[in-house]
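Me: Hey, I'm new to this one and could use a quick tour. Can you put it up on screen and then walk me through it?

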Amino acid sequence: MDLLSLGLVMVAAIMHAGWNLFVKKDEDKFLSLTVMAVTSSVLCAVLLLFMPGIDVSAWKILIISVPLHAGYRVCLSLGYKYGDMSQVYPIARGATPLLVALISVILLGVHLELTQIAGVVAIALGIMWLTFHAGFPKNNEGRAIGFALGTAAFIAVFTLLDSRGARLSGNPFSYVLWLFVLEGILMFVLAASVNRHRLLDYISRNGRTCMVNGVVMSVAHGLVILALSRSPAALVSALRETSVIFGVIFSAWILKEKIGPVKLTCTLVVMVGIFLAIFK
């Protein structure tokens, strides 16, 4: 990987942890994610004017994938509502490659190398340790962990779907743009249907900040796509997950969450597992 690609991925990882930090701090996590998704939708709609269309077969996958992306954002907002970012973020990000590996092996018949199996085991151990180190989680902590795992489940399923959709589309960049456009529309419809007046009031007070973070979120995705066009996908994917480390740093530094040796060790174990699981 050249230095430019390395820089792109690391900046994207910092940005990803940064917009998650914003969501955690915000007064209404769901609405902040909604306005961010709508901002991304508008930006992507403009870019689509200069891109070719996608094959009709990819639209069948988009119809399924878009609601899953919205479900991921709902779960993430609830996870941050009930739990610390230093716990929710590593579980949500770390459990994703674990679930992708399990689905690939059990349902798709994919064969994993020994290092990948070791990575999956490390991720599982790190997440279980992070979850149960203080006993069985109760009340809000239990809810936070449940929604973090739900977030990971949504990401795992739509990752596999989008991988196929991007290949069938004939143009992966157009596929990704359409995905974000439709996701933003769906998120707006969901928020408006729940409480239109609350949404409008939130936009009037926090819309500008959310729009900035929506741009940050969109740029982060764009940087990863650019890096994927220049460097091996496995390396890009692995380095992208360093956002877990940045997320823990931000939660300790800015949110003043307590990061003890157990949380830190578990996060590092998950990170090592991610690197091993992604590389062949």
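Reply: Sure, one term to begin with: buried means under 20% relative accessible area, exposed means over 50%, and partly exposed is in between, using a 1.4 Å probe and protein chains only. This is a predicted model, where local features need pLDDT of at least 70, side-chain atom pairs count only at pLDDT 80 or more, and totals for chains, interfaces and linings use all residues. Residues are numbered from 1 along each chain as its sequence is written, and side-chain values use heavy atoms, with hydrogens and water left out.

Me: Ok, let me try that out. Is Thr39 buried or exposed?

Reply: Thr39 is buried, at 11% relative accessible area. You'll find Thr39 in helix α2; helices here are DSSP runs of H or I with at least four residues, strands are runs of E with at least two, and both are numbered from the N terminus.

Me: And what does Thr39 touch?

Reply: Leaving aside residues up to four places away in sequence, Thr39 touches Cys210, Met211, Gly214 and Val215. Contact means heavy atoms within 4.5 Å.

Me: Switching to charges. How many salt bridges does the structure hold?

Reply: There are six salt bridges. To count, a side-chain nitrogen of Lys or Arg has to be within 4 Å of a carboxyl oxygen of Asp or Glu. Side chains of opposite charge can pair when their charged atoms come close.

Me: Give me one. Which side chain meets Glu27?

Reply: That's Arg205, with 3.0 Å from N to O. Arg205 lies in helix α7 (residues 172–228) and Glu27 in the loop between α1 (3–25) and α2 (29–48), so this pair ties together parts that are 178 residues apart in sequence.

Me: How open are those two, exposed or buried?

Reply: Glu27 counts as exposed, at 55% relative accessibility. Arg205 counts as partly exposed, at 46%.

Me: What about Arg205 and Asp201, where do they lie?

Reply: Both are in helix α7, four residues apart, about one turn of the helix. Their side chains meet in a salt bridge too, at 3.0 Å from N to O. Asp201 is partly exposed, with 39% relative accessibility. Salt bridges that share partners join Glu27, Asp201 and Arg205 into one network.

Me: Nice. What does Lys263 pair with?

Reply: Lys263 forms a salt bridge with Asp84, and their closest N and O atoms are 3.6 Å apart. Lys263 sits in helix α10 (residues 261–278), while Asp84 is in the loop between α3 (56–82) and α4 (85–106), so the pair ties together parts 179 residues apart in sequence. Lys263 is buried at 13% relative accessible area, whereas Asp84 is partly exposed at 32%.

Me: New topic: rings. How many aromatic pairs are there?

Reply: The count is three. Rings of Phe, Tyr and Trp (its six-membered ring) pair if their centres lie within 6.5 Å; planes under 30 degrees apart are stacked, over 60 edge-to-face, and the rest tilted.

Me: Why is the pair of Tyr72 and Phe158 called edge-to-face?

Reply: Their planes are at 70°, with the ring centres 5.8 Å apart, so the pair counts as edge-to-face. Tyr72 is in helix α3 and Phe158 in helix α6 (residues 139–169), so the pair ties together parts 86 residues apart in sequence. Tyr72 is buried at 9% relative accessible area, and Phe158 is buried at 8%.

Me: Which pair is stacked?

Reply: Tyr82 and Phe147 form a stacked pair, 6.1 Å centre to centre with 10° between the planes. Tyr82 lies in helix α3 and Phe147 in helix α6, so this pair ties together parts 65 residues apart in sequence. Tyr82 is partly exposed at 26%, and Phe147 is partly exposed at 25%.

Me: What lies over the face of Tyr82?

Reply: Arg143 does, at 5.5 Å from the ring centre. The rule is NZ of Lys or CZ of Arg within 6 Å of the ring centre and within 35 degrees of the ring normal.

Me: One last oddity: what is the phi of Lys256?

Reply: Lys256 has a positive phi of about 60° although it is not a glycine. Lys256 is in the loop between α9 (243–253) and α10, and counts as exposed at 64% relative accessibility.
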